4 protein chains.
Amino acid sequence: MFKTEYTLDVRYYETDTMGIVHHSNYLRYFECGRNQMMKELGIPIEVLERAGVMLPVVKVEISYKAPAYMGDSLKIVTTVNREPLAKIVLEQQIFNQKDELICYGTVTVGFIDSVTRRPVRVPQLFAEKIAPFFTNGEKKL
Amino acid sequence: MFKTEYTLDVRYYETDTMGIVHHSNYLRYFECGRNQMMKELGIPIEVLERAGVMLPVVKVEISYKAPAYMGDSLKIVTTVNREPLAKIVLEQQIFNQKDELICYGTVTVGFIDSVTRRPVRVPQLFAEKIAPFFTNGEKKL
Amino acid sequence: MFKTEYTLDVRYYETDTMGIVHHSNYLRYFECGRNQMMKELGIPIEVLERAGVMLPVVKVEISYKAPAYMGDSLKIVTTVNREPLAKIVLEQQIFNQKDELICYGTVTVGFIDSVTRRPVRVPQLFAEKIAPFFTNGEKKL
Amino acid sequence: MFKTEYTLDVRYYETDTMGIVHHSNYLRYFECGRNQMMKELGIPIEVLERAGVMLPVVKVEISYKAPAYMGDSLKIVTTVNREPLAKIVLEQQIFNQKDELICYGTVTVGFIDSVTRRPVRVPQLFAEKIAPFFTNGEKKL
């Protein structure tokens, strides 16, 4: 299991006429959480891209529970429960400063070669970094 | 069944370092499609909001099949298969100019009172407009 | 003189808590207007980029006169008054459906080589397309 | 003189096909810097809005000097040189982690009543907080 947290403040332009954060922005916050995870693993996304691998999102499921507002500080919790083989499946939640659940979801990310744009297996660079967080016998994706 | 189509061009700032439309933008395109549906029903979202009803998104499931690029013209297809009672469930697909499927998903939208911010049933204004598209015996949400 | 018009509808997520289009979005609308200009010239931005030339914005001056709202249809007017040599200077205005001026500004765009990322003079591809719109004796930038 | 600094990381979706931060986003970063200034003054923007005052941007001049990339950490420096009377004029610069100047500009912000949407003079709430940073004899806007 690999888990990270990332905190960010709501930005004014992210709110809409309803006075709340527009629902599309939570996908962007989720991504900030994933990129923080990559950073903590020691392979920031821009480093992985320079190594010729890109990580397109292939699926998202997200449920919205409560609105976030300008002035809120949000915590994005990102968890990888199974060692990735061909894809990474991430569980993500967002909480506000009162620890209320704003939204949660599951994001599936693939690996592609940046030149051929074809799917590839998990790159060695990434596999080595994340392996220590998973026990040997754990089920792979 | 109620179905609409809306066409838009990819905008440059919607692409990212991968050179493709960022995955969060498809939620925004989906919304453009839903707002076009509201317009065709005769109750644009801004009219409904002035009548005191807001439509927050409560859930999204989206699968990405192929990337979209700058220069692409995208068609957003929005379908409501069941007459809404408390929530609207919309099936949405996006195709490019070559009729390739870019992504598809299911979006669930609720109704809330803009003052109390509490959930309300489908507003009369909306119910009357959409009812004719559904047969009497059809199952409601 | 070369002039184009492009029309777009305000999108819900572009509005903010003030209930109006966020001021940053007008720079994006301006860009939509410029890309429409490139399309009408016969060299869409993505074609020019594939030819190895990129067009970074180097300066923007923008004045906001009236707000735009969800439901508004906006017309972006883009004018090039002088034949570009090293940079393109564009005058841009945005009007709503009641022909009220929303904002106006001046945008300066440069040309750079997409590999070296160094400034280059106006590419032949572009120069040939835009030249016919300017009289011979006209002052160059 | 009142001056604040705010640091943020480039987000992936803020980059474009050129692989650099899209020029429109710097207006958003500028706003983050201004909102940080309001916070440090003790009147966060959402507090001022609840008090019935909104701060629309009326003019922006921005010059882009160098691109920012994914992985960059940006520092937004915001300075108010003259005590605001009817409008606030802010000088803003953005630097990357190598202290290179990315862009700089001048942003003019007005005060409007959130109900009437008419311009108002600087609200007492704001005037009292910012006055101590300016000497008595300093020229007002």
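Select S63(C) and K59(D) to begin, because K59(D), in strand β3(D), is the bridge partner of S63(C), where strands are DSSP runs of E with at least two residues and helices are DSSP runs of H or I with at least four residues, both numbered from the N terminus. The model in your viewer is a predicted one, in which local features need pLDDT of at least 70 and side-chain atom pairs count only at pLDDT 80 or more, while totals for chains, interfaces and linings use all residues. Residues are numbered from 1 along each chain as its sequence is written, and chains are lettered from A and ligands numbered from 1 in the order in which they are written.

**The strand pair between chains C and D**

Now widen the selection to residues 57-64 of chain C, which form strand β3(C), and add β3(D); these two strands pair in the antiparallel sense over five bridges, where pairing requires that DSSP finds at least two bridges between the strands. Strands of a sheet pair through backbone hydrogen bonds, either parallel or antiparallel.

Next, show every residue at this contact: 17 residues of chain D are in contact with 17 residues of chain C, two residues being in contact if their C-beta atoms, placed from the backbone, lie within 7 Å. On the side of chain D that touches chain C, the elements giving two or more residues are α1 (25-41) and β3 (57-64) of chain D, and β3(D) gives the most, with eight residues. Coloured by type, the residues of this side divide into nine nonpolar, four polar and four charged; here Ala, Val, Leu, Ile, Met, Phe, Trp, Tyr, Cys and Pro count as nonpolar, Asp, Glu, Lys and Arg as charged, and the others, Gly among them, as polar.

How large a turn lays chain D on chain C? A turn of 180° with a shift of 0.0 Å along the axis does so, with an RMSD of 0.0 Å, the copies being superposed by least squares on the C-alpha atoms of residues with pLDDT of at least 70 in both. To find the axis, select E61(D), whose C-alpha is the nearest to it in chain D, at 2.2 Å. The copies meet through the same surface, because 100% of the interface residues of chain D are also interface residues in chain C.

**The sheet across both chains**

Select the strands one after another in the order β1(C)-β4(C)-β5(C)-β6(C)-β3(C)-β3(D)-β6(D)-β5(D)-β4(D)-β1(D), and you will have an open sheet of 10 strands with antiparallel pairing. At the edges stand β1 (2-9) of chain C and β1 (2-9) of chain D, each with a single partner strand, so one side of each is left without a neighbour in the sheet. Neighbouring strands of this sheet are turned by 15° against each other on average, direction ignored, with axes taken as lines fitted to C-alpha atoms, for helices over the stretch in contact, and angles otherwise running from 0 to 180 degrees between N-to-C directions.

Within chain D, β3(D) and strand β6 (residues 101-110) pair in the antiparallel sense over seven bridges, and I62(D) stands opposite G105(D) in β6(D). Add α1(D), which packs on the sheet and touches β1, β3, β4 (73-80), β5 (87-95) and β6 of chain D, its direction making about 125° with that of β1(D).

In chain C, seven bridges join the antiparallel strands β3(C) and β6(C), and Y64(C) stands opposite C103(C) in β6(C). Moving on to β5(C), you will find nine bridges joining it to β6(C), again in an antiparallel arrangement, with V109(C) as the bridge partner of I88(C). These two strands, β5(C) and β6(C), form a hairpin with five residues between them, and D99(C) in the turn has a positive phi of about 65°.

**The contact between chains B and C**

Turn now to chain B, where 13 residues are in contact with 13 residues of chain C. Of the elements of chain B, α1(B) gives the most to this side, with four residues, and the residues of the side divide into seven nonpolar, two polar and four charged.

**A last stop in chain D**

Finally, select P119(D), which lies in the loop between β7 (112-113) and α3 (124-130) of chain D. Is P119(D) buried, exposed or partly exposed? P119(D) is partly exposed, because 13 other C-beta atoms lie within 10 Å, whereas a buried residue has 20 or more and an exposed one 12 or fewer, with C-beta atoms placed from the backbone. Leaving aside residues up to four places away in sequence, P119(D) touches G110(D), F111(D) and I112(D).
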